[in-house]
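The following exercises concern strand pairing, burial and nonpolar cores. Please study the structure before reading each solution.

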Amino acid sequence: MNHPHMQGLCDAGPSRIVERYLYAGKKFHQLTGKGYWDDVTGGDKVSGRYLFGDDIVWSAHAVPCGEREVRGILPIGTLEETLPYIDTLAAGIIDVLEFYRKLGTTAFNMSIFFDKAGSKSGFHAFCSLISRINPNPLSMSDSAFMERMHFEPVIMTLPEEMGRLYRNQKKEKD
């Protein structure tokens with residue numbers, strides 16, 4: 001049951017997770033005088049969660065949003081700054097996917113988060129991967145991309161529409 005695909009997202013504002021990191025990073029710097037992301041990668045490198053990497057630090061995330069979450073934290077913040085790190089980033093993603101495969105996982109979600117162009121906020125771009133239940137005829141999806149990776153619920157039906165649908169269904173039943 002192969003179902004490979006990509007979903008590119010771009011919006012005028014950051015997703016909830018990036019918004020939280022931007023705010024918390026700024027507060028952390030105000031309180032400590034240190035860069036949040038430098039502190040995180042420094043701590044990750046000496047932790048039992050460290051996997052590999054120097055320019056891009058890959059580790060099991062301390063507070064995972066999904067099963068076996070691995071994050072690669074880049075030393076840059078915006079998409080425009082990424083080009084020198086593309087090969088290293090791609091190799092790191094492949095390494096994580098091979099690791100997942102050896103653990104028996106063939107399904108995953110991945111997101112890469114950037115700050116807006118020209119920003120000097122101190123945010124570091126990061127790539128996050130989570131493993132999923134392997135596709136099979138007896139299971140439903142265990143993980144919704146936007147909810148898990150971006151902390152953004154996807155609402156297809158407005159609450160008011162739910163009320164209308166319920167009332168219409170009741171009328172049909174009666």
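**Exercise 1.** Determine how strand β3 and β5 pair, and over how many bridges.

*Solution.* Strand β3 (residues 70–73) pairs with β5 in the antiparallel sense over 4 bridges. Strands here are DSSP runs of E with at least two residues, helices are runs of H or I with at least four, and both are numbered from the N terminus. Two strands pair if DSSP finds at least two bridges between them. One such bridge links Gly-72 to its partner Cys-127 in β5. Next, β5 also runs antiparallel to strand β4 (residues 108–113), to which 6 bridges join it; here Phe-113 has Phe-126 as its bridge partner.

The model is predicted: local features need pLDDT of at least 70, side-chain atom pairs count only at pLDDT 80 or more, and totals for chains, interfaces and linings use all residues. Residues are numbered from 1 along each chain as its sequence is written, and side-chain values use heavy atoms, leaving out hydrogens and water.

**Exercise 2.** State which residues of β5 point one way and which the other way.

*Solution.* In a regular strand, side chains alternate between the two faces of the sheet. Phe-126, Ser-128 and Ile-130 point one way from β5, while Cys-127, Leu-129 and Ser-131 point the other way. Because 6 of the 6 residues of β5 are buried, this strand is largely enclosed by the rest of the structure. Buried means under 20% relative accessible area, exposed over 50%, and partly exposed in between (1.4 Å probe, protein chains only).
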